Amino acid sequence: MNDVPGYVLTNRAHWDASAEEWVDSGERHWAEDDPSWGIWGIPESALGLLPDDMTGMSAIELGCGTGYVSAWMARRGASVVGIDNSLGQLETAARLRDEHQLDVEFLHAIAEAVPYPDDSFDFAISEYGAALWSDPYSWIPEAWRVLRPGGSLVFLSSTAWTVVCAPLDGSGPIADRLIRDYFGLHATDWSGVEVDPGGVEFHLPIGDWFALFRDAGFVVEDFRELRAPQPGDEVRFFVAKTWAHRYPSEQVWKLRKP
């Protein structure tokens, strides 16, 4: 992967360094009979992100991390490729694939430059992964390119609300007031913050998402703002349950390539 953007290298270093922190959750998700999504573990029965039967489908997970979404698709009958920016994450994915005896191909690659020709896949998905850590102005058109006509792109990520309410120093939890500008939102670099430095995340205002999908050629089939199932003091990834019960902390997009 030559001539990659600087944020890709920043994110690669971040996820390689933190790969061990995600092993336990990866193992837990690989063992799940029924998928659950996002930081609040919303069941697949409530969201319907995956086709019930994927027999004969070719699918790709964009930013697969430990690869559990790829596993869920393989168990539904799909031929699956998972790509990720982090070799550390892919090591866990490959080990779990072998332990669970599933036929999934994992590749070290980025969603901005998928190493497959046009019209290669019927279904593409990202739970966080590319949906948060790749520039949407690059990876959304690339997803359109590798999907066949009639193919679907589904992705889940945090919302713009979580960024505009996030403390500037990287601390948490997310506040109940606006801190950053909403308009003009794009890349948020956490690599130099005072508390818990991270990588570079990407969010857009809702109107900019719709414009991007239109320009890329996608049709929007559904948009969901996810809610924590009940209020509470528990904090997950800097988001308190009560906050996420009052405001949307995550969102789901379902798109189709005509």
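Colleague: Why is Cys64 called buried or exposed?

Modeller: Cys64 has a relative accessible area of 3%. Buried means under 20%, exposed over 50%, and partly exposed in between, with a 1.4 Å probe and protein chains only. Cys64 therefore counts as buried. Cys165, at 4%, is buried by that rule too.

Colleague: What is this model, and how is it numbered?

Modeller: It is a predicted model, where local features need pLDDT of at least 70, side-chain atom pairs count only at pLDDT 80 or more, and totals for chains, interfaces and linings use all residues. Residues are numbered from 1 along each chain as its sequence is written, and side-chain values use heavy atoms, with hydrogens and water left out.

Colleague: How many disulfides does the rule give?

Modeller: A disulfide is a pair of cysteine sulfur atoms within 2.5 Å. The count is 0.

Colleague: What makes α2 and α5 parallel or antiparallel?

Modeller: Helix α2 covers residues 23–30 and helix α5 residues 87–100. Helices (H or I, at least four residues) and strands (E, at least two) are DSSP runs, numbered from the N terminus. The two pack at about 30 degrees, with axes 11 Å apart. Axes are lines fitted to C-alpha atoms, for helices over the stretch in contact, and angles run from 0 to 180 degrees between N-to-C directions. Under 35 degrees is roughly parallel, over 145 roughly antiparallel, 65 to 115 roughly perpendicular, and the rest oblique. So α2 and α5 are roughly parallel.

Colleague: Which residues make the contact?

Modeller: Contact means heavy atoms within 4.5 Å. From α2 come Val23, Gly26, Glu27 and Trp30; from α5 come Thr92, Ala93, Arg95, Leu96, Arg97 and His100.

Colleague: How do you know whether Val114 is buried or exposed?

Modeller: Its relative accessibility is 6%, so Val114 counts as buried. Val114 sits in the loop between β5 (104–108) and β6 (121–127). Beyond neighbours within four places in sequence, Val114 contacts Ile60, Leu62, Ile83, Glu142, Arg145 and Val146.

Colleague: What makes Asp196 and Phe237 worth a look?

Modeller: Most residues other than glycine have a negative phi, and most peptide bonds are trans. Asp196 has a positive phi of about 50 degrees, and Phe237 has a positive phi near 50 degrees. Asp196 is exposed at 52%. Phe237 is exposed at 53%.

Colleague: Why is the bond from Gly172 to Pro173 called cis or trans?

Modeller: Omega is near 0 degrees, and the bond is cis. Pro173 lies in the loop between α8 (160–164) and β8 (187–189).
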